[in-house]
Amino acid sequence: MIKTNMYALIVSATVGSLCLATPALAQVDAEEVFKENDCHKCHHATKAKKGPSLAKIAAKYKDKKLDEKEAMKHMTGGKKVKLDDGTEEDHKIIDTKDVAVQTAVAKWMLNR
Amino acid sequence: MKKRALMIGISLSAIAAGCASVATGPQAINWDKVPATKVALFYPGQSSYQWLRSEAHAGAAKETARGDACTSCHDDPKEEQRQGAKILSGKHPLEPHAAAIKGKNGHIDMTVQAAYDDKNAYLRFQYKTHNPNHPGNDYPGYRFDGKEWKAFGGMRLNKNVLAGKTATVYENRVNIMLDDGKVPGFAQQGCWLTCHDGERDMQKEPTKDQVEANALMKAIKKSDVRKFIPGTRTNPMDWSTGKPLEEIAKMKANGEFLELMQWRAHRSDKVGGADDGFVLEYRNFDAGKNHFNSNMDSKTKLPKFMFDQAKAGTKAYTAGDYGKKEMILIKGANAVPFDPNAGWKEGDILPQYILSAEDAAGSAADNKALSEWKNGVQTVVFIRPLGLANADDKALKPGGVYNVGFAVHDDNMTGRGHHVSYTKTLGIGAKADITAVKLN
């Protein structure tokens, strides 16, 4: 009985400390934010749509040693992007100013 | 109870009379053995042909205009769920009346099954009605105000309903729009090809006078704008630029139109029908006579029929009966000719339509349907004869693959207030999104 109680105590202490230590970042459903912002309409996980696939973006970032900060600039800057047909368009700006959320989305994208 | 039994009796006998193969047809089908396809439908608001080609359709105007498929971007498994919720969120420009219809479901999950035999194709649909306690078979009526019989009730987006001037009443519907490959763009953009600014409850709705002054509308004797395919206009972005009737007739002769089949909870269900129409320059009914007809005499401005007191237990209903009693008028069953001297009281209500399976005739009467609403789930089986040769029909043939779009009007809605699917394919014994299996 004592053993069980001790075990329960250790588990609850561990869970408690995990909860306290969990950053806001982990609470963000990055994929949902990505899709709620309609990013998926242009960026598919693996195939090219209007924009490059997430796999291609991740590979490019890895190759150029860029991180999520660069991706966040891209999703918040509204800069012109060049499309396959040669035309240019303003890149959509993510509908959140919460840096933690932006970071989560950028990390999620680059981990595809 | 007696009345309900009578209605069921009418339904079954009407179906049996109208569809020779029914005994071995849909009622004998073991649907558990027919593959089921899940199709999601979502609330589109005012997403017209024109809106989709505007900058408001962010990042997709050019792609839509060049004919890209909706699903080339909208391809997420939860797309319909997401889009419907957004449009009804109250923050989206596509639904200006979101507050008035708060609580409306943004999407519907529907199960679709298909089968065929030597005579017919059978298309079965199942979905949960938003109201779990009512089959949605009420319809606006004519109310006696002490002097005249005036239209009463309307769908949820109706101007008078929104203004609180009349009751919220409308029938549920299940619709199929079908293309055999002859309407450019339907395979890619489906029903959205037919939904335009200027149509009822859409943006830029013209006045009745404006419509009646338009050359095409005058020629086809219409006073509102309804679904049309882009090819019937010289400028598809503008409903008012109708082509000459001769050109439209050529399009029809070439098969450049869409089949539109509609099961209606009030106007066709009890007589075992589903109406047969087509979309070309307007949302037309096929030639012949429908399962339902107006119950208003345009000359006398009086109803044509009333309930048979002996069979229905009343000669009319009142507004308080909506949602509680089945107010469906059926010729030869519970209807008798209207008697203006029957002692009408203010508030008496008679249905706007009189139903008859026997009167339905010609191409308009091709389709039959069976249905059941139980525990909040609506089931509808369309029965469509194969190989129809009428000029206003698309012939379904074994081996054929067709582009289809589905719509459900649920919870007192008509017009644009429906849920719509992206385009799917239907194969009659051929591989498709929905494959109709051959019955033994």
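Helices and strands here are DSSP runs, with at least four residues for a helix and at least two for a strand. Counted in this way, chain B has ten helices and 22 strands. The model is a predicted one, and the description below starts with chain B, goes on to chain A, and then returns to single residues of chain B.

The overall dimensions of chain B come first. Its C-alpha atoms fill a box of roughly 65 × 55 × 45 Å along the principal axes. The radius of gyration is 21 Å, which agrees with the value near 22 Å that a compact globule of 440 residues would have. Of these 440 residues, 57% count as buried. Among the contacts in chain B with a separation of 6 or more, 72% are accounted for by residues 24 or more positions apart.

The surface of chain B can be described by area and by charge. The chain exposes about 18700 Å², and carbon and sulfur atoms supply 51% of that area. Chain B carries 60 positive and 51 negative charges, and the mean positions of the two sets are 3 Å apart.

Chain A has five helices and two strands. Along the sequence these elements follow the pattern α-α-α-α-β-β-α, so that the two strands come one after the other, ahead of a final helix. Chain A has 112 residues, and buried residues make up 32% of them. Of the contacts in chain A with a separation of 6 or more, residues 24 or more positions apart account for 49%. The exposed area of chain A is about 7800 Å², of which carbon and sulfur atoms supply 59%.

The next topic is cysteine. Over all chains, the structure holds zero disulfides. C70(B) is in no disulfide, and the nearest cysteine sulfur, that of C73(B), is 9.1 Å away. C70(B) counts as buried because its relative accessibility is 17%, and the cut-off for that class is under 20%. C191(B) is likewise in no disulfide; for this residue the nearest cysteine sulfur belongs to C195(B), at 9.2 Å. With a relative accessible area of 12%, C191(B) is buried.

Several loop residues of chain B can be looked at in turn. D348(B) is found in the loop between β14 (335-337) and β15 (349-351). Its relative accessibility is 7%, and therefore D348(B) counts as buried. Leaving out residues up to four places away in sequence, D348(B) touches Y142(B), R143(B), F144(B), W149(B), A316(B) and Y317(B). P206(B) lies 142 residues from D348(B) along the chain, and the C-alpha atoms of the two are separated by 33 Å.

D180(B) sits in the loop between β6 and α6 (186-189). At 29% relative accessibility, D180(B) counts as partly exposed. Beyond its neighbours within four places in sequence, D180(B) is in contact with G255(B), K394(B) and Y402(B). The C-alpha atom of D180(B) is 8.1 Å from that of L258(B), a residue 78 positions away along the chain.

A167(B) lies in the loop between α5 (159-162) and β6 (173-179). This alanine is partly exposed, with a relative accessible area of 26%. Not counting residues up to four places away, A167(B) touches F152(B), G153(B), G154(B) and V161(B). One of these, F152(B), is 15 residues from A167(B) in sequence and 7.1 Å from it in space, C-alpha to C-alpha.

The last two residues are described by their backbone angles. K301(B) has a phi near 60°, a positive value in a residue other than glycine. The place of K301(B) is in the loop between β11 (296-297) and β12 (302-303). K301(B) counts as exposed because its relative accessibility is 55%, where the class requires over 50%. N412(B) also is not a glycine and has a positive phi, of about 60°. N412(B) lies in the loop between β19 (401-409) and β20 (419-420). With a relative accessible area of 21%, N412(B) is partly exposed.

Terms used. Residues are numbered from 1 along each chain as its sequence is written. Chains are lettered from A and ligands numbered from 1 in the order in which they are written. This is a predicted model: local features need pLDDT of at least 70, side-chain atom pairs count only at pLDDT 80 or more; totals for chains, interfaces and linings use all residues. Side-chain values use heavy atoms; hydrogens and water are left out. The radius of gyration is taken over C-alpha atoms; the globule rule is 2.2 Å times the number of residues to the power 0.38. Buried means under 20% relative accessible area, exposed over 50%, partly exposed in between (1.4 Å probe, protein chains only). Contact means heavy atoms within 4.5 Å. Accessible areas come from the Shrake-Rupley method with a 1.4 Å probe; for residues, only the protein chains shown count as cover. Lys and Arg count as positive and Asp and Glu as negative; His and the chain ends are not counted. The place of a charge is taken as NZ of Lys, CZ of Arg, CG of Asp or CD of Glu. A disulfide is a pair of cysteine sulfur atoms within 2.5 Å.
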